[in-house]
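Student: I would like to go through this structure one feature at a time. Please give the reasoning before each result.

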Amino acid sequence: MDIRLESFARTPAWKPSLGRVLTSMLAGLFVLFLAACGGSNAPAPATPAPLPPAITAHPVSKAVTEGEGVSFTVAATGSATLHYQWKKDGANVGSDTATFSLTTVHTGDAGSYTVAVSNPAGSVTSGAAALTVNPIPVAPTITSQSTSQSVTVGDRVILVAAATGTAPLQYQWKKNGASLGGDSFTYTLEAALLTDSGSYTVTVTNSAGTVTSAPIELTVQVAVDWKGLTAAEEAFYGLNPNLLDTDGDGISDFDEIKKFGFDPANDPYKFNPLIADMPSVKIELTSPPYFQIKYDYTNGSSASSSTERSSSSTQSVTTSVEAGITLHQEASVATQVTAKAGVLEWGGAQMTGTLMLFAEESLTLTSEQAWENSQTLTNAEALENSHEVASSEAKMAITVRIRNTGHTAFTLKNLVLSGTTVDRMGSSILRPIGNLEYEGSSALSSGFPESTLAPGDSITGLTFSNRLLYVDTAKQMLRDSSNLYVGVAAYEIADPLTGLPSNAQMTEIGAKTAAILIDYDTYSARDTEKFRVATNIVEGAPGVSLKTILERYLHLPCETGAVNGKTGLTKLRTYGTSSMEHTRWVITHVFHEAGELNSSTYDPTMESYDLGSITVKAGDLVSLMYVVDKDGDGLPHRLERAMGSDDTVIDSIPGDAYPNDFAWYLGGHPIQNNGPGPKYQIVYNGNGHTGGIVPSDSGFYPPGQFVPVVDNPGGLVKINVGGISYRFLGWNTEPDGRGSAYSASKPYVMGSGSAILYAMWASYEVGDIGPAGGKIFYKKNYYSDGWRYMEAAPYNQNGSYAARWVEVYGKFWNAPNTALKGAWGRAIGDGVQNTLDIEKEETSYNTAADICANLVINRYSDWFLPSYDEMLHMKDMPGALSTTTTYWTSSQRETADPTVQDKFWYTAIVVYNEGNPPAMSYSIDYIDRQSPADSLSRPIKVRAARRF
């Protein structure tokens with residue numbers, strides 16, 4: 001080989017590389033030489049070590065609309081073969097691919113998604129990707145809008161179009177097709193101009209579509225009549241253009257609309273020019289009645305018995321009642337109306353009864369107050385029988401709060417209350433007890449405290465008494481003080497500005513209006529409504545139809561329809577006629593005809609009628625009563641309450657020879673049940689329970705008797721109501737828990753009527769005792785997959801031996817080196833599937849999983865062997881496990897041995913060992929069949945769990 005070194009020297013650019021070139025060439029020649037000689041020094045290629053998986057791109061959170069598709073993807077590196085296990089909220093989903101897809105997404109698919117990537121060298125779990133599922137957007141719909149209207153120049157105009165649909169909603173108002181500013185459901189003209197007249201529409205748009213309102217024709221005009229209103233305004237509000245004050249309340253139509261701002265959208269009754277704004281006083285009883293009975297004996301001595309109220313009694317506020325002083329002109333009529341308030345029918349017989357006490361209501365006593373009354377009565381009767389009585393007298397006093405519930409201020413100069421009782425044991429229903437006059441207050445010792453009350457103001461601590469009460473009446477009321485009804489006997493009200501009495505104004509009101517009273521029944525939370533409605537609208541044709549009054553003047557949503565083949569009023573506000581619930585509306589119209597007082601009753605269960613054909617004139621009285629007959633025996637509950645029978649039981653007075661309470665009432669008999677005097681029942685109510693048996697008490701008890709209260713003998717439960725399960729707390733007199741609470745350790749003192757005790761419920765929390773009697777050790781923040789809570793069994797199950805657990809986990813006694821299929825879950829929620837997997841593979845009996853799967857405790861049979869993480873939560877819940885020992889879980893653990901292929905090492909996971917962290921124990925290597933001598937015979941404890 002001819003190598004010319006000098007050739008490099010002649011080329012300056014190669015000088016720095018001369019050594020490296022020679023070295024490279026010589027090395028190459030050496031290699032060629034070795035190759036030619038058949039030798040080699042090249043190293044053998046190295047086998048790379050398997051790489052554990054590593055995630056390079058995690059799944060990304062996504063938000064989709066219900067019904068769409070979605071995919072999550074993960075990118076990972078590592079030695080082949082990579083396996084993928086997708087999970088939703090910890091539960092396995094999807095197939096063994098890098099992408100998890102849902103073709104059609106539902107709301108239940110929302111949650112947290114992860115993926116575990118594994119190969120023989122290890123496993124890694126991705127970060128969580130949240131899937132948010134949005135509901136399918138709903139296109140907008142206009143539910144209500146302003147009607148066409150005429151206004152005067154300078155008026156403030158608000159056009160409204162209410163719409164529903166998926167938010168956000170966008171509004172575009174237009175006038176005569178030209179766009180206006182603003183993006184709101186209202187369009188406001190602060191001061192209308194003549195040029196603002198035109199046709200207005202609004203277009204409502206969201207992501208699902210667009211809707212346009214009907215045209216709203218706005219007319220702006222200048223002309224006004226003699227009282228400052230335009231003809232259009234007079235027509236719009238339905239006023240009499242020839243009257244300055246259509247409703248006669250002393251406030252002109254102009255002032256009510258323009259000055260005081262009548263706003264029918266927010267308050268259809270305040271300063272309505274068709275409804276008289278009158279002084280309105282509400283009387284609230286702030287204490288139970290105080291009674292004193294005094295006896296003067298023939299020997300010259302005397303003695304008395306009086307009520308001594310406990311602290312809880314004096315703090316009690318009774319049912320508030322509204323006095324009828326604003327309707328005093330109807331007071332004389334109301335008594336006659338009550339006798340014609342409704343017609344009842346039973347087996348072909350008809351009767352009329354007192355169904356309503358207008359502007360009055362009875363009070364409610366606590367059990368302690370009823371007990372104090374019974375003690376006072378007992379003491380009084382003992383005094384009466386101890387000596388010969390020469391004379392006796394009684395006194396009753398009550399304390400009240402007076403509140404201005406109207407729209408105008410007034411000065412209250414004097415007030416006298418009246419009392420009425422229901423004589424359940426006598427021949428008549430109503431029995432007046434006389435007037436209750438002002439006695440004094442904490443600040444004033446004598447003389448009624450003249451007070452000016454603005455709307456919403458009140459005065460408290462006023463005591464009214466009757467010092468001439470009959471002893472027999474006092475004794476009757478001590479037996480049952482809920483018979484007391486309080487109203488207004490006399491009053492004196494004056495205008496706070498002029499000082500003139502308001503009675504003069506009542507004359508004009510009475511000449512222009514009719515009284516409308518709407519009683520929604522004492523069971524409802526809505527108070528009786530009372531209105532004075534103008535009827536002199538059209539000259540020469542006095543009177544307005546009841547349909548117009550309800551719908552246009554009072555703005556009351558009402559419906560008419562068929563009831564038992566008849567037609568009439570079927571619904572007012574939300575109170576509707578129901579044949580199943582035995583409710584209906586009864587209308588009584590009291591009117592003067594030919595100088596005589598007459599009345600007509602309209603009952604849709606009896607005959608058809610048309611609201612539009614009932615003409616109401618000035619001076620008339622119309623009452624609309626919502627009649628409730630809870631037990632369907634034909635006797636409305638007002639009568640049942642007045643007479644003392646139970647309105648939830650058809651025949652609440654067994655043994656009286658009558659088939660039901662209605663027949664008993666027709667017989668005119670007082671309540672008799674194995675002795676004189678009224679007796680009542682306790683009725684238990686499950687209050688929304690979903691399982692178990694509501695207890696019952698068939699006994700009848702007189703007022704004042706202590707009645708034992710049961711606990712929960714029927715195992716009442718309330719499970720998955722709105723996705724929440726509840727635990728039983730006890731009983732209460734109110735379904736919302738605001739009444740008096742009772743339990744097996746607190747007896748109920750029977751009052752003056754049958755009592756309903758409602759089950760009280762509270763949502764379960766970790767640490768509570770569950771339905772099966774064990775501790776709640778885990779709670780999700782939502783209800784899914786049929787459960788929200790996990791409950792530990794209240795005691796250990798039969799011990800399962802390690803030898804049998806080995807059979808469960810490995811089945812190596814009959815199939816060596818073969819893994820049990822499944823039971824790999826360790827997370828919360830995996831215990832159920834683990835137990836099913838073990839039961840499916842293992843045919844032997846009395847194993848840990850088998851014991852749990854066949855367990856029944858307190859009627860519950862849905863037990864399973866907890867997973868590893870579930871048992872950890874049970875361990876951390878104080879009191880969930882009864883002993884300090886070791887417990888089995890249902891999680892099968894696999895440990896790969898790199899020197900052994902397709903052969904595994906199976907262990908039981910021990911999660912509770914007092915003083916030690918969770919650890920594996922009793923490992924058995926089934927490759928060489930060697931194990932500790934005692935591991936097969938050592939018993940391991942078992943504690944089952946259940947989900948609900």
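Student: How many salt bridges does the count come to?
Tutor: This is a predicted model, so side-chain atom pairs count only at pLDDT 80 or more. A pair is accepted when a side-chain nitrogen of Lys or Arg lies within 4 Å of a carboxyl oxygen of Asp or Glu. By this rule the count comes to 19 salt bridges.

Student: How many residues apart in sequence are the parts that Lys258 and Glu233 tie together?
Tutor: The closest N and O atoms of Lys258 and Glu233 are 2.6 Å apart, and the two residues form a salt bridge. Lys258 belongs to helix 4 (residues 253-259) and Glu233 to helix 3 (residues 231-237), so the parts tied together by this pair are separated in sequence by 25 residues.

Student: Is Glu233 buried or exposed, and what is its relative accessible area?
Tutor: Buried means under 20% relative accessible area. Its partner Lys258 has 30% and is partly exposed. Glu233 falls under the cut-off and is buried, with a relative accessible area of 6%.

Student: Which residues are linked in a network of salt bridges with Asp155?
Tutor: The pair just discussed, Lys258 and Glu233, forms a salt bridge. Asp155 belongs to a network of salt bridges, and the residues linked with it there are Glu233 and Lys258.

Student: Which helices hold Lys475 and Glu384?
Tutor: The side chains of Lys475 and Glu384 meet in a salt bridge at 3.1 Å, N to O. The pair ties together parts that are 91 residues apart in sequence, with Lys475 in helix 8 (residues 471-479) and Glu384 in helix 7 (residues 367-386).

Student: What is the relative accessible area of Lys475?
Tutor: In this pair, Glu384 counts as partly exposed at 29% relative accessibility. Lys475 is buried, and its relative accessible area is 10%.

Student: Is Asp876 buried or exposed?
Tutor: Asp876 forms a salt bridge with Lys875, with 3.7 Å between the closest N and O atoms. Lys875 is partly exposed at 27% relative accessibility. A residue is exposed when its relative accessible area is over 50%. Asp876 has 55%, and is therefore exposed.

Student: What arc do the buried residues of helix 14 cover around the axis?
Tutor: Helix 14 (residues 831-841) has as its buried residues Gly831, Asn834, Thr835, Asp837, Ile838 and Glu841. They lie on the same side of helix 14, because around the axis they cover an arc of only 160 degrees.

Student: Which residues of the largest nonpolar core touch the most other members?
Tutor: Elements giving two or more residues to this core include strand 33 (513-519), helix 10 (546-553) and strand 42 (621-628). Of the 38 residues in the core, those that touch the most other members are Ile516, Ile518, Leu554, Trp585, Ile587 and Leu624.

Student: Which residues does Ile518 touch?
Tutor: Residues up to four places away in sequence are not counted here. Contact means heavy atoms within 4.5 Å. Ile518 touches Asp527, Thr528, Glu529, Phe531, Leu556, Leu572, Trp585 and Leu624.

Student: How many residues are in the second, separate core?
Tutor: Among its members are Leu377, Phe410, Ile433 and Ala474. The size of this second core is 34 residues.

Student: Which residue does a cis peptide bond join to Pro168?
Tutor: Pro168 sits in the loop between strand 13 (157-164) and strand 14 (170-175). Omega is about 0 degrees for the cis bond, and the residue joined to Pro168 is Ala167.

Student: Which residue does a cis peptide bond join to Thr81?
Tutor: Thr81 is in the loop between strand 4 (75-77) and strand 5 (83-88). Omega is about 0 degrees at this bond, and the residue joined to Thr81 is Ala80.

Student: What is the phi of Asn687?
Tutor: Asn687 is located in the loop between strand 43 (682-685) and strand 44 (706-707). It is buried at 19% relative accessible area. Its phi is positive although the residue is other than glycine, with a value near 55 degrees.

Student: What is the area of the nonpolar surface patch that includes Val153?
Tutor: Val153 lies in the loop between strand 12 (149-152) and strand 13, and is partly exposed at 35% relative accessibility. Together, Val153, Leu193, Leu194 and Val222 make a nonpolar surface patch of about 350 Å².

Note on methods. Residues numbered from 1 in each chain as written. Predicted model: local features only at pLDDT ≥ 70, side-chain atom pairs only at ≥ 80, totals over all residues. Heavy atoms only, no water. Helix = DSSP H or I, 4+ residues; strand = E, 2+ residues; numbered from the N terminus. Buried < 20%, exposed > 50% of the residue type's maximum accessible area, 1.4 Å probe, protein only. Arc of directions from axis to C-beta. Core = buried A, V, L, I, M, F, W, Y, C linked by side-chain atoms within 4.5 Å. Patch = residues over 30% accessible without salt bridge, like charges linked within 9 Å, V, L, I, M, F, W, Y side chains within 5 Å. Areas by Shrake-Rupley, 256 points an atom, 1.4 Å probe, with all protein chains shown as cover.
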